[in-house]
Amino acid sequence: MSSQLRAKRKEVLNTKAELLNTSAQDQFAKWAKLRRSVDKGLAELEKLTIWLLTTGVQFIVGWWYRKTAVFYLPPGWFGPLGWWLSFPFAPAGSLQSPSEQEAAPSEKKDT
């Protein structure tokens, strides 16, 4: 993802440099096309950055703490489902970070 971000940033900077070297009065059609290209590139760059800062960070945190129990479930409350909640990395009888992350967005939508 960061390679896409770097490539898009480089593309936008090159197009912007070309835009700055183009006269708006003398070559208006070329200038307008470059301007639209820069605006579109900046919008895509912003979209990638926002994704990286929200979803990307959530994924990284979940991966980093995948073996850490968020909390331990009372014995017998969930029966065999308790094993699935701790699957595949957390200790048996606990809720792990990925299970918590799956539950949290659905709870946020309900409220």
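## Surface and burial

The chain in this predicted model exposes about 8600 Å², and carbon and sulfur atoms supply 62% of that area. What about the inside? Of the 111 residues of the chain, 20% count as buried.

One part of the surface deserves a look of its own. Val57, Phe59, Ile60, Val61, Trp63, Trp64 and Tyr65 come together as a nonpolar patch, and their accessible area adds up to about 800 Å². Pick out Ile60 as an example: this residue is found in helix H2. Ile60 has 52% relative accessibility, so it counts as exposed, the cut-off for that label being over 50%.

## The overall layout

If you trace the chain, you'll find four helices and two strands. Going along the sequence, they follow the pattern α-α-β-α-β-α.

You can also ask how far apart in sequence the touching residues are. Take the contacts between residues at least 6 apart in sequence: 47% of them join residues at least 24 apart.

## Helix H1 and its two faces

Helix H1 runs over residues 2-20, which makes 19 residues. From its first C-alpha to its last, H1 reaches 27 Å, close to the 27 Å expected at 1.5 Å a residue. Now, which residues of H1 are buried? They are Leu5, Lys8, Val12, Thr15 and Leu19. These residues cover an arc of only 100° around the axis, so they sit on the same side of H1.

Helix H2 (28-64) is part of what covers those buried residues. Turn to the face of H1 that points away from the buried side, and you'll meet the exposed residues Arg6, Lys10 and Leu13.

## Lys8 and its partners

Side chains of opposite charge can pair when their charged atoms come close. The structure holds four salt bridges, and Lys8 is a good place to start. Lys8 has a relative accessible area of 15%, so it is buried, given that the cut-off is under 20%.

Which residues are linked with Lys8 in a network of salt bridges? Glu11 and Glu44 are. The Glu11 and Lys8 side chains meet at 3.8 Å, N to O. Because they are three residues apart in helix H1, Glu11 and Lys8 are separated by about one helical turn. Glu11 has 43% relative accessibility, so this residue counts as partly exposed.

In the salt bridge between Glu44 and Lys8, the closest N and O atoms are 2.5 Å apart. This pair links distant parts of the chain, with Glu44 in helix H2 and Lys8 in helix H1, 36 residues apart. Glu44 is partly exposed, with a relative accessible area of 31%.

## A salt bridge within H2

Helix H2 has a pair of its own to look at. Arg35 and Asp39 meet through their side chains in a salt bridge of 3.5 Å, N to O. Both residues lie in H2, four residues apart, and that is about one turn of the helix.

Are these two buried, exposed or partly exposed? Arg35 is partly exposed, with a relative accessible area of 38%. Asp39 counts as partly exposed too, at 38% relative accessibility.

Technical notes: Residues are numbered from 1 along each chain as its sequence is written. This is a predicted model: local features need pLDDT of at least 70, side-chain atom pairs count only at pLDDT 80 or more; totals for chains, interfaces and linings use all residues. Side-chain values use heavy atoms; hydrogens and water are left out. The expected span of a helix is 1.5 Å times one less than its number of residues. Buried means under 20% relative accessible area, exposed over 50%, partly exposed in between (1.4 Å probe, protein chains only). The arc is that of the directions from the helix axis to the C-beta atoms. Contact means heavy atoms within 4.5 Å. Accessible areas come from the Shrake-Rupley method with a 1.4 Å probe; for residues, only the protein chains shown count as cover. Patches are made of residues with over 30% relative accessible area and no salt bridge: like charges are joined within 9 Å, nonpolar side chains (Val, Leu, Ile, Met, Phe, Trp, Tyr) within 5 Å.
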